[in-house]
Amino acid sequence: MHCPFCRHADSRVVDSRTSDDGLSIRRRRQCPQCNRRFTTIETASLSVVKRSGATEPFSREKIVNGVRKACQGRPVSDDDLAVLAQRVEENLRASGSAELDAYEIGLAILGPLRDLDEVAYLRFASVYQAFSSLEDFEAAITVLRAENEAARAAAEAGDATGQPADA
Ligand SMILES: [Zn+2]
């Protein structure tokens, strides 16, 4: 590993620790020439298999670009998109698969996008799942409503039983 400051061809590892999620290793390195320190992060490589069969490295930027259009006109910031891309990458890494295709990546986007903005989620899902009619939208919205209501009911049940009443 070249020193990023003076380009010296060698560096010494002074500390090495695994991240809490176990998915990466951070190494503190010191350059023997200029003595400056820098950090490297080592992760298993994550590849995307394209339709042509070629592979390319997974890129959060491509995830952001892929969902940006669905988020047009919605209250979604660049920071939100960056967090979404990070969640997608974490989900994909947690799946333990080193090579992913467009379908798996789309699937990994749906959950975090839904948490972010339901309209953007429906737009993205309509392209990803190739909705062809109003009925497809209706079915997706029905599922969303049912799940939102179930989540709300669960939260209310939690409120009712989880907290002691104020005296
Ligand atoms: Zn150096």
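At 38% relative accessibility, R68 counts as partly exposed in this predicted model. The side chain of R68 is engaged in a salt bridge with D78, and the closest N and O atoms of the two residues are 3.2 Å apart. This pair links distant parts of the chain, since R68 belongs to helix α1 and D78 to helix α2, with their positions 10 residues apart in sequence. D78 counts as exposed, because its relative accessibility of 53% lies over the 50% cut-off for that class.

A further contact joins the two helices. R60 and E89 meet through their side chains in a salt bridge with an N to O distance of 2.5 Å. R60 is part of helix α1, which covers residues 60-68, while E89 is part of helix α2, which covers residues 78-94; the pair therefore ties together parts that are 29 residues apart in sequence. The two partners were also assigned to classes of accessibility. R60 is partly exposed, at 37% relative accessibility, whereas E89 is buried, with a relative accessible area of 12%. The value for E89 places this residue in the buried class because it falls under the 20% limit.

Salt bridges were also found elsewhere in the chain. In total, 10 salt bridges were counted in the model. One of them is formed by R27 and E42, whose closest N and O atoms are 2.5 Å apart. R27 is located in strand β2 and E42 in strand β3, so this salt bridge ties together parts that are 15 residues apart in sequence. E42 counts as partly exposed, with a relative accessibility of 43%. In addition, K50, E56 and K62 are joined into one network by salt bridges that share partners.

Positive charge was also examined at the surface. R12, R26, R28 and R37 gather there in a patch of positive charge. Among these residues, R26 lies in strand β2, which spans residues 24-30. R26 is partly exposed, its relative accessible area being 41%. Residues were admitted to such a patch only if their relative accessible area was over 30% and they formed no salt bridge; the 41% computed for R26 therefore satisfies the requirement on area.

The overall division of the chain was considered next. The domain assignment of the protein gives two domains, with domain 1 comprising residues 12-43 and domain 2 comprising residues 47-129. The C-alpha centres of domain 1 and domain 2 are separated by 29 Å. S45 is found in the loop between β3 (37-43) and β4 (47-49). With a relative accessibility of 54%, S45 counts as exposed. The C-alpha atom of S45 lies 6.8 Å from that of A98, although the two residues are 53 residues apart along the chain.

Backbone geometry was examined in two further loops. N35 is not a glycine, yet it has a positive phi of about 70 degrees. The residue N35 is situated in the loop between β2 and β3. A positive phi, near 50 degrees, was likewise computed for A130, which is also a residue other than glycine. A130 is located in the loop between α4 (118-128) and α5 (134-162). The relative accessible area of A130 is 54%, and this residue is therefore exposed.

Terms used. Residues are numbered from 1 along each chain as its sequence is written. This is a predicted model: local features need pLDDT of at least 70, side-chain atom pairs count only at pLDDT 80 or more; totals for chains, interfaces and linings use all residues. Side-chain values use heavy atoms; hydrogens and water are left out. Patches are made of residues with over 30% relative accessible area and no salt bridge: like charges are joined within 9 Å, nonpolar side chains (Val, Leu, Ile, Met, Phe, Trp, Tyr) within 5 Å. Accessible areas come from the Shrake-Rupley method with a 1.4 Å probe; for residues, only the protein chains shown count as cover. A salt bridge is a side-chain nitrogen of Lys or Arg within 4 Å of a carboxyl oxygen of Asp or Glu. Lys and Arg count as positive and Asp and Glu as negative; His and the chain ends are not counted. The place of a charge is taken as NZ of Lys, CZ of Arg, CG of Asp or CD of Glu. Helices (H or I, at least four residues) and strands (E, at least two) are DSSP runs, numbered from the N terminus. Buried means under 20% relative accessible area, exposed over 50%, partly exposed in between (1.4 Å probe, protein chains only). Domain bounds come from an automatic or database domain assignment.
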